[in-house]
Amino acid sequence: MTLFQKILRPALLCLDALIAAMMGAVVYFDAVLPDQFSLVEGQSLELSTSLPVEVVRTGSLASTPNTSQQAQSRYPVSLKLLGCVEIKSAVVNVVENDTVYLGGQVFGVKMLTDGVMVVGLSEIKSEGRQVSPAEEAGLQVGDIIQTMDGIRVTGNADVAKVIQQADGSPVQVKFTRDGKTMTTELKAVLAEDGSYKGGMWVRDSSAGIGTMTYYDPQNESFGGLGHAIYDVDSGKLMPLQSGEIVRAKVIGVVRGESGYPGELRGEFILSEELGTLSYNCEEGLFGHLEDASMFTTPISIAMAQEVQTGPAVMYTTIDGQTVEAFDIEIEKVMYQGETPTKNMQIRVVDPDLKEKTGGIVQGQSGSPIVQNGKLIGAVTHVLVNDPTRGYAIFAENMRRMSNQVENAA
């Protein structure tokens, strides 16, 4: 090996390592950066990333349908690592400045499902043997029964009535599973108490407390909770038929500990109805408010790329009906989260909140998070093994649902 080769070889190895690292960074940023961004007119797109990612506009402005809170126009861009290596193409949506009213208030939720949810299967003792008619019919926990013998069922009493009227004859059951409509025959059996039973437990309603994230005065809509309401037994999303929200107050707190999530103990004020529910979906609860007197602080919605690691403030209610501000830290920002509700990893740093609640507790879901004077998101989950840490959803993601609330009005 010549002297030149001895000098060149390490240089080539370093170059190979650099190219490999660059390609690895491209693959990483392609996975974590979204394909679409939103900007208020006049803003420039700047990304907070571990390595410099330059945004290069590659096309002209194009108009889109003029729908409230949606993009008014858009243009294509190229995302380039260090300004030279292309990562991916993306689209920038130009939207109007979005101002809402800041939440943080606790509220009570009462909802009825669209049909009844199967939350358990059981065996019935009939003629000296144990049988499970629902299981034999192929029904499963989480199925949503909508009609039985063509009759719409909206509660436990409806199901029992149809089964009794069938008098042992097969009942045609129409239900949904994972979004697909299916049918089956349920043949109830005569139980020892003289009544016919189908061998299943169903649920038709849910109630609990959560936290308001924001109120939109333009269409009198609200967003809260930051995640869907799921059935505690089946783990399935509760399909909403109708529901209402009422004022509530916090009457106690069970502190969170490692391995045990805490909770807010709330009390409904049934005489003070606030509004109606329209959607129970992955991004939270959404609906219309009839009484918005509790909202007094206007605030702008931040776009996802404006969220940065570092200090932020969480607004929440942990005593009575008083909204308080507590310091938190944004530890990680995830543009492409594993779920729509895990866009940020957060940590409670406020000593008062840690002393009173242990950190994040059940009932605080929906608590708005503010950074640099803008609403950036809402609390959604707590880490069971560390109640000071949890996850949050981008406010931008929640706001997309307000369009559907307005269109449904």
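Glu127 counts as exposed, because its relative accessibility is 77% and the class begins over 50%. In this predicted model, Glu127 sits in the loop that joins strand E8 (124-126) to strand E9 (129-131), and its backbone has a positive phi of about 55° although the residue is not a glycine. Most residues other than glycine have a negative phi. Asp149 offers a second case, since its phi is likewise positive, near 55°, in a residue other than glycine. Asp149 is also placed in a loop, the one between strand E10 (144-148) and strand E11 (151-152), but its relative accessible area of 40% puts Asp149 in the partly exposed class.

From these two loops one can step back to the chain as a whole. The chain contains five helices and 27 strands, and its C-alpha trace extends over about 95 × 60 × 50 Å along the principal axes. Of its 409 residues, 48% count as buried. Among the contacts in the chain with a separation of 6 or more, 67% are made by residues 24 or more positions apart.

Leu112 and Tyr28 illustrate how separation along the chain and separation in space can be set side by side. Leu112 belongs to strand E7 (residues 106-121), and the C-alpha atoms of Leu112 and Ser242 are separated by 5.3 Å with their positions 130 residues apart along the chain. Ser242 is also one of the residues that Leu112 touches once those up to four places away in sequence are set aside, the others being Asp204, Ser205, Pro239, Leu240 and Gln241. Even with these contacts, Leu112 is partly exposed, as its relative accessibility is 38%. Tyr28 lies in helix H1 (residues 3-32); from Tyr28 to Glu263 the distance is 235 residues in sequence and 37 Å in space, C-alpha to C-alpha. Tyr28 has a relative accessibility of 46% and therefore counts as partly exposed.

Empty space in the model is the next topic. Rolling a probe the size of a water molecule over the atoms shows where empty space is left. The largest pocket has a volume of about 750 Å³, and 30 residues line it, with Ile209, His227, Gln362, Gly363 and Ser365 nearest its centre. Strand E16 (200-216), strand E19 (263-281) and strand E26 (374-383) each contribute at least two residues to this lining, and E16 gives the most, namely seven. By residue class, the lining of the largest pocket divides into 16 nonpolar, eleven polar and three charged residues.

Two threonines, one in E16 and one in E26, can be followed in detail. Thr211 is located in strand E16 and is buried, because its relative accessible area is 1% and the limit for that class is under 20%. A polar atom of the Thr211 side chain lies 2.8 Å from the backbone oxygen of Gly363, and Gly363 is one of the residues nearest the centre of the largest pocket. Beyond four places in sequence, Thr211 touches Gly104, Gln105, Val106, Phe107, Gly224, Leu225 and Thr316, together with Gly363, Gln364, Ser365, Gly366 and Ser367.

Thr380 is found in strand E26, and its relative accessibility of 4% likewise makes Thr380 buried. Its side chain, too, has a polar atom 2.8 Å from a backbone oxygen, in this case that of Thr341. Thr341 reappears among the residues that Thr380 touches outside the four places on either side in sequence, along with Gly226, His227, Ser365, Tyr391, Ala392 and Ile393. His227 and Ser365 are among the residues that lie nearest the centre of the largest pocket, and Ser365 is also listed among the contacts of Thr211.

The cysteines complete this walk through the model. How many disulfides does a search of the whole structure find? The search finds zero. Cys84 has a relative accessibility of 55% and so counts as exposed, whereas Cys281 is buried, its relative accessible area being 13%.

Definitions and conventions: Residues are numbered from 1 along each chain as its sequence is written. This is a predicted model: local features need pLDDT of at least 70, side-chain atom pairs count only at pLDDT 80 or more; totals for chains, interfaces and linings use all residues. Side-chain values use heavy atoms; hydrogens and water are left out. Helices (H or I, at least four residues) and strands (E, at least two) are DSSP runs, numbered from the N terminus. Buried means under 20% relative accessible area, exposed over 50%, partly exposed in between (1.4 Å probe, protein chains only). A disulfide is a pair of cysteine sulfur atoms within 2.5 Å. Contact means heavy atoms within 4.5 Å. On a 1 Å grid over the protein atoms alone, a cavity is a set of points where a 1.4 Å probe fits but cannot get out, and a pocket is an open set with protein on both sides within 12 Å along at least five of seven lines; lining residues have an atom within 4 Å of a point. Grid points are joined across faces, edges and corners, and a volume is the space filled by probe spheres set on the points. Ala, Val, Leu, Ile, Met, Phe, Trp, Tyr, Cys and Pro count as nonpolar, Asp, Glu, Lys and Arg as charged, and the others, Gly among them, as polar. A polar contact is a pair of N or O atoms within 3.5 Å; within protein, one must be able to donate a hydrogen and the other to accept it, and residues adjacent in sequence count only if both atoms are side-chain atoms.
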